[in-house]
Amino acid sequence: MSRICGIVHPGDASTRHELLRGMLDNVRVPAHRRERVLNGARAAFGWTGVETPNAAERGGVLAVVDGMVVNREELGAKGNDAALVIDLYARHGFTAALERLNGDFAIALFDVPRGVLWLGRDRFGVRPLYWTRSAGLFAFASRPGALAHLPGVPTDVNWTYAALFAASHYRTFDNDPSASPYAAVHQLPPACALRAQAGGERECRWWTLPDAPEFTHSEQTLAQRYRDLFLDAVRLRVREAQSPAFTLSGGMDSSSVLAAAVHGDGRQRHAFSAVYADPTFDESADIAPLASALASRWHRVPVDAPDVFALVREMIAAGDEPVATATWLSHWLLCREVSRHGFRSLFGGLGGDELNAGEYEYFIYHFADLRAAGRRMDMAREIAGWVRHHDHPVYRKGSAIADEAMERLTDPARPGLCRPDRARMERYARALAPGFFDLAAFEPVMDHPLPTCLGNRTWQDMTRETLPCCLRAGDRNCAAMGLVNVHPFLDHRLVEFMFRVPGDLKIRDGVTKVLLREAMRTILPEPTRTRVTKTGWNAPAHVWFAGRDGEKLMDMVRGRAFRERGIYNPAEVERIVQEHRAIVASGAPGENHMMFLWQVLNLETWLDSLGSSVLPQGSAAFGTQGETNA
């Protein structure tokens with residue numbers, strides 16, 4: 001596990017060294033035991049981490065790498081990843097070098113003779129990278145806080161981000177992949193490179209989905225190809241990872257990763273699971289037989305009565321920003337336990353839901369594709385399977401509900417078009433202070449590179465909604481505990497393959513992840529491979545905010561700082577807190593407000609950590625509109 005930072009500054013070497021030392025202190029975590037500093041004319045780079053420094057200097061070129069390249073043998077690497085990048089850069093140029101890499105990485109390279117700085121980030125943003133330019137300096141770092149604390153860099157909050165975090169849905173937080181929570185700090189988007197020199201900077205995209213038609217091969221042929229690719233993706237990462245452990249839930253994704261690792265070398269592995277007393281969220285019964293078959297030891301990490309306020313403060317301090325969902329508190333405690341047992345890498349299943357259409361909401365988009373293709377009977381059959389397997393006393397299923405959702409979220413006149421879920425986005429709009437931000441005016445960017453609704457919806461989640469915030473939270477949690485987070489589903493070969501697989505091989509008869517289930521036949525134990533319903537990876541925050549932490553949250557809402565900050569309508573937030581506690585106390589089925597309350601706590605805790613008590617003059621009464629790419 002590592003972090004990188006660097007600065008290009010025309011001043012003297014001692015000034016650059018002092019600035020770099022401050023940045024290293026900001027990105028370093030207690031587990032880091034090693035460090036490497038590279039100095040060149042006008043530039044200084046830093047690397048800090050647990051393993052051997054991934055930094056190199058050759059022929060007037062400096063490079064630092066956070067992450068891992070898993071196809072090193074194929075590329076004939078003779079040194080570390082940083083040396084490999086310098087060699088590829090000399091032969092092919094920077095963006096062409098990135099195209100040849102398979103792995104998770106954030107890379108910085110400075111060509112001293114040309115005076116050019118290059119930054120590059122992996123295809124899906126598994127490794128973070130931020131940058132800023134101010135008062136003659138250009139700087140980059142793995143954490144935004146390291147840049148926000150540089151002299152001359154304004155510490156202003158990105159108030160659009162703050163407004164979305166305050167009262168919208170977590171899926172909106174990353175709609176702008178170049179933004180960060182800090183107004184003057186930019187995020188390098190996944191699959192992008194940035195070239196910076198004295199005249200300015202230029203960003204370009206170095207990878208996107210290939211323009212290729214859907215597969216027409218048989219299910220058996222595609223399942224075998226999927227199996228081969230997935231096993232290889234896991235094998236390559238297990239080979240490169242140090243002291244790996246595995247997260248394990250009752251679902252298909254993390255289970256498939258663990259099963260593939262065991263299948264590859266015959267060695268059972270240590271598996272870690274967050275477990276709960278609340279049966280609504282606990283998956284222990286589903287995990288137990290899987291752990292018995294695949295794990296040399298199953299570590300159950302109980303998450304029942306955490307000190308939510310204290311843990312949120314810890315997580316924000318480790319990540320420089322509020323945390324999107326309560327799930328990541330459980331993951332934080334799990335990572336702590338993994339680290340305590342001496343492991344250095346943590347494998348997980350992020351990306352599996354998006355690739356395999358595993359989210360419950362994906363059914364609607366599959367129905368819309370069948371309707372657009374004129375396959376009305378198939379659509380009726382799929383809706384019947386959806387109702388049969390997934391009807392819920394709160395989240396009901398039925399033909400009329402499917403029709404309403406298709407009308408709201410897709411456009412029958414424009415096949416493949418997905419619309420934003422405005423009801424979800426604006427559910428808590430009244431909780432914002434009047435004039436602070438108009439959620440109704442915010443128009444998220446919706447990309448449509450594919451011909452189907454299901455394809456575009458899942459791509460949107462991978463690039464602008466579910467995956468970015470999950471990767472960021474997982475990265476921060478692992479990094480704080482000295483762990484490398486590893487997600488084999490994000491091997492670009494798998495992604496390029498799965499976005500050519502027809503929807504019928506992802507969802508069928510109310511069952512998701514059809515092709516993955518077939519590919520994992522004989523590898524994954526049958527009870528897991530064939531289980532249709534899933535609990536979903538979540539945490540019982542509804543209980544947390546109905547008890548002691550709900551009282552503390554109410555005290556926060558009634559406090560002077562909360563009211564003077566100017567973001568929320570305190571009376572409405574207080575009403576929501578009270579309503580949430582009443583819903584949970586009643587025990588009756590009903591949708592509660594735990595996600596909103598989690599966001600309130602996180603945003604306020606983050607702003608308090610910055611010393612930002614009042615909204616700056618002139619920042620209120622705004623609304624931001626993106627562009628819709630149809």
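These are my notebook entries on a few places I looked up in this structure.

**Entry 1: confidence**

I started with how far to trust the thing, since this is a predicted model. The mean pLDDT of the protein chain is 94, and 97% of the residues reach 70 or more. I marked one stretch with a warning: over residues 616-630 the pLDDT stays under 50. The model still has 38 contacts for that stretch beyond four places in sequence. I left residues 616-630 alone after that.

**Entry 2: strand β3 and its partners**

Next I went to strand β3, residues 43-49. How many of its residues are buried? I got seven of seven. I then checked the two sides separately. On one side sit Ala-43, Phe-45, Trp-47 and Gly-49, on the other Ala-44, Gly-46 and Thr-48, and they are all buried. I jotted down a reminder here: side chains in a regular strand alternate between the two faces of the sheet. Both faces of β3 are covered.

Which strands does β3 pair with? Strand β1, residues 2-8, pairs with β3 in the antiparallel sense over seven bridges. I picked out one partner: Ser-2 is bridged to Gly-49 of β3. Strand β2, residues 34-40, also runs antiparallel to β3, and seven bridges join them. There I noted Glu-35 standing opposite Thr-48. The hairpin of β2 and β3 has two residues between the strands, and in it Arg-42 takes a positive phi near 75°.

**Entry 3: aromatic rings**

I looked up ring pairs and found 23 aromatic pairs in the structure. One of them is Tyr-161 with Phe-165, a tilted pair at 6.0 Å centre to centre, with 40° between the planes. Both residues lie in helix α6 (residues 159-167), four residues apart, which is about one turn of the helix. Are they buried or exposed? Tyr-161 has 8% relative accessibility, so it counts as buried. Phe-165 counts as buried too because its relative accessibility is 0%.

I set another pair beside that one. Phe-562 and Tyr-568 are stacked, 5.1 Å centre to centre and with 5° between the planes. Phe-562 is at 2% relative accessibility and therefore counts as buried, and Tyr-568, at 3%, counts as buried as well.

Then I went back to Tyr-161 and Phe-165 and followed the ring pairs outward. They link up with Phe-173, Tyr-182 and Trp-606 into a cluster.

I also checked for charges over rings. The charged end of Arg-300 sits over the ring of Trp-298, 4.6 Å from the ring centre. The charged end of Lys-506 does likewise over the ring of Phe-499, at 5.2 Å from its centre.

**Entry 4: cysteines**

How many disulfides does the structure hold? I wrote down zero. I checked two cysteines anyway. Cys-204 is in no disulfide, and the nearest cysteine sulfur, on Cys-192, is 7.2 Å away. At 22% relative accessibility, Cys-204 counts as partly exposed. Cys-470 is in no disulfide either; its nearest cysteine sulfur belongs to Cys-469, 4.4 Å away. Why does Cys-470 count as buried? Its relative accessibility is 16%, and the cut-off for buried is under 20%.

**Entry 5: around Leu-222**

I moved on to Leu-222, in helix α7 (residues 219-240). Leu-222 is buried, with a relative accessible area of 3%. What does Leu-222 touch, leaving out residues up to four places away in sequence? My list reads Phe-215, His-217, Phe-497, Leu-505 and Leu-515. I also paired Leu-222 with Glu-518: they are 296 residues apart along the chain, yet their C-alpha atoms are separated by 9.4 Å.

**Entry 6: two positive phi angles**

Last, I looked at the two ends of helix α20. Lys-513 lies in the loop between β19 (511-512) and α20 (514-519). Its phi is near 60°, a positive value in a residue other than glycine. Thr-522, in the loop between α20 and α21 (526-529), has a positive phi of about 75° although it is not a glycine.

Which of the pair is buried and which exposed? Lys-513 is buried, with a relative accessible area of 5%. Thr-522 is exposed, with a relative accessible area of 67%.

Technical notes:
Residues numbered from 1 in each chain as written. Predicted model: local features only at pLDDT ≥ 70, side-chain atom pairs only at ≥ 80, totals over all residues. Heavy atoms only, no water. Buried < 20%, exposed > 50% of the residue type's maximum accessible area, 1.4 Å probe, protein only. Pairing = 2+ DSSP bridges. pLDDT = per-residue confidence, 0-100. Contact = heavy atoms within 4.5 Å. Phe/Tyr/Trp six-rings, centres within 6.5 Å; stacked < 30°, edge-to-face > 60°. Lys NZ or Arg CZ within 6 Å of the ring centre and 35° of its normal. Disulfide = S-S within 2.5 Å.
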